[in-house]
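Biologist: I would like to go through this model slowly, asking one thing at a time, and I would be glad if you explained each term as it comes up.

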Amino acid sequence: MTKKKINITIDKVYTKKGDKGTTSIIGENFVSKSDPRIICYGEVDELNSSIGFCYALIQECGQFKDEKISKSIKVIQNDLFNLGTMLAISNSIDSKDYPNIDGKNIKFLEGLIDLYNEKLPALKSFVLPSGSTIGAYFHVCRTICRRVERSCVSLSKSDNLNPDIISYLNRLSDLLFVWARWSNKHLGETENTWSI
């Protein structure tokens, strides 16, 4: 089945429609901006922007010689946009015609986790987020991803939520952790670990 083509034209930045604290989702108008569904896809947007900052840091770093991470970030940012679309669809709408993420997107993350983790030493303690700017910011993205995951779990208690959303976020936070560690090792930064 062909996915619904979404025609997007943005010719004006402000519409004033949200000035009263409401917004629209696919299939429903006048949803409060404090609604858990709106909070979830807003946090997905924050996560996507933060991962975009990692991409920018990588492009500026002359020592960073791994094109696969840069290309993978672009894929992940598109996936996150699709995940946000899933969150922006009312329960009254059949979502199967809209962009989404599924098991193949989760497998993509797992492949990256395995690829980069095999190049890392086993941990003997918990990692303290630090190291290079890129490594430290991957850790920031990881913590944002965990927050998005918690918000989506909370939403799933009251709304019908595709379980692939939570699985994807869970796996993405693992990947961001691995990329943080790999970036620090790749750039010759010492990995600080927790000690009692």
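**Reading the model**

Biologist: How many disulfides does a search of the whole structure find?

Modeller: A disulfide is a covalent bond between the sulfur atoms of two cysteines. The rule used here asks for a pair of cysteine sulfur atoms within 2.5 Å. When the whole structure is searched with this rule, the number of disulfides is zero.

Biologist: How far from the sulfur of C145 is the nearest cysteine sulfur?

Modeller: It helps to begin with C61, whose sulfur has its closest cysteine sulfur in C54, 12 Å away and therefore too far for a bond. C145 is in no disulfide, and the nearest cysteine sulfur, which belongs to C141, lies at a distance of 8.8 Å.

Biologist: What kind of model is this?

Modeller: Residues are numbered from 1 along each chain as its sequence is written, and side-chain values use heavy atoms, with hydrogens and water left out. Local features need pLDDT of at least 70, side-chain atom pairs count only at pLDDT 80 or more, and totals for chains, interfaces and linings use all residues; the model itself is predicted.

Biologist: In what pattern do the helices and strands follow one another along the sequence?

Modeller: Helices (H or I, at least four residues) and strands (E, at least two) are DSSP runs, numbered from the N terminus. The protein chain has five helices and two strands. Read along the sequence, they follow the pattern β-β-α-α-α-α-α.

Biologist: What percentage of the residues of the protein chain count as buried?

Modeller: A residue is called buried under 20% relative accessible area, exposed over 50%, and partly exposed in between, with a 1.4 Å probe and protein chains only. The protein chain has 196 residues, and the part of them that counts as buried is 37%.

Biologist: Which residues does I73 contact, leaving aside its neighbours within four places in sequence?

Modeller: I73 lies in helix 2, and it counts as buried because its relative accessible area is 0%. Its C-alpha atom is 7.3 Å from that of I51, although the two are 22 residues apart in sequence. With contact taken as heavy atoms within 4.5 Å, the partners of I73 outside its neighbours within four places are I51, Y55, I58, F138 and W179.

Biologist: Which residues form the aromatic cluster?

Modeller: Rings of Phe, Tyr and Trp (its six-membered ring) pair if their centres lie within 6.5 Å, with planes under 30 degrees apart counted as stacked, over 60 as edge-to-face and the rest as tilted. By this rule there are six aromatic pairs; one of them is edge-to-face and joins Y116 and W179, at 6.2 Å centre to centre and 85 degrees between the planes. Y116 lies in helix 3 and W179 in helix 5, so this pair ties together parts that are 63 residues apart in sequence. One aromatic cluster is formed by F64, Y116, F138, W179 and W182.

Biologist: How many residues apart in sequence are the parts tied together by E43 and R147?

Modeller: A salt bridge is a side-chain nitrogen of Lys or Arg within 4 Å of a carboxyl oxygen of Asp or Glu, and the count comes to nine salt bridges. The side chains of E43 and R147 form one at 3.6 Å, N to O. E43 lies in helix 1 and R147 in helix 4, so the parts that they tie together are separated in sequence by a number of residues equal to 104.

Biologist: Which side chain of opposite charge is nearest to the buried D79?

Modeller: Lys and Arg count as positive and Asp and Glu as negative, while His and the chain ends are not counted. D79, in helix 2, has a polar contact (a pair of N or O atoms within 3.5 Å, where within protein one must be able to donate a hydrogen and the other to accept it, and residues adjacent in sequence count only if both atoms are side-chain atoms), made with the side chain of N105 at 3.2 Å. D79 is buried yet has no salt bridge, and at 7.1 Å the nearest side chain of opposite charge is that of K104.

Biologist: With which side chain does the side chain of S130 make a polar contact?

Modeller: S130 is found in the loop between helix 3 and helix 4, and it counts as buried because its relative accessibility is 18%. Leaving aside neighbours within four places in sequence, its contacts include G135, A136 and H139. Its side chain makes a polar contact, at 3.0 Å, with the side chain of N192.
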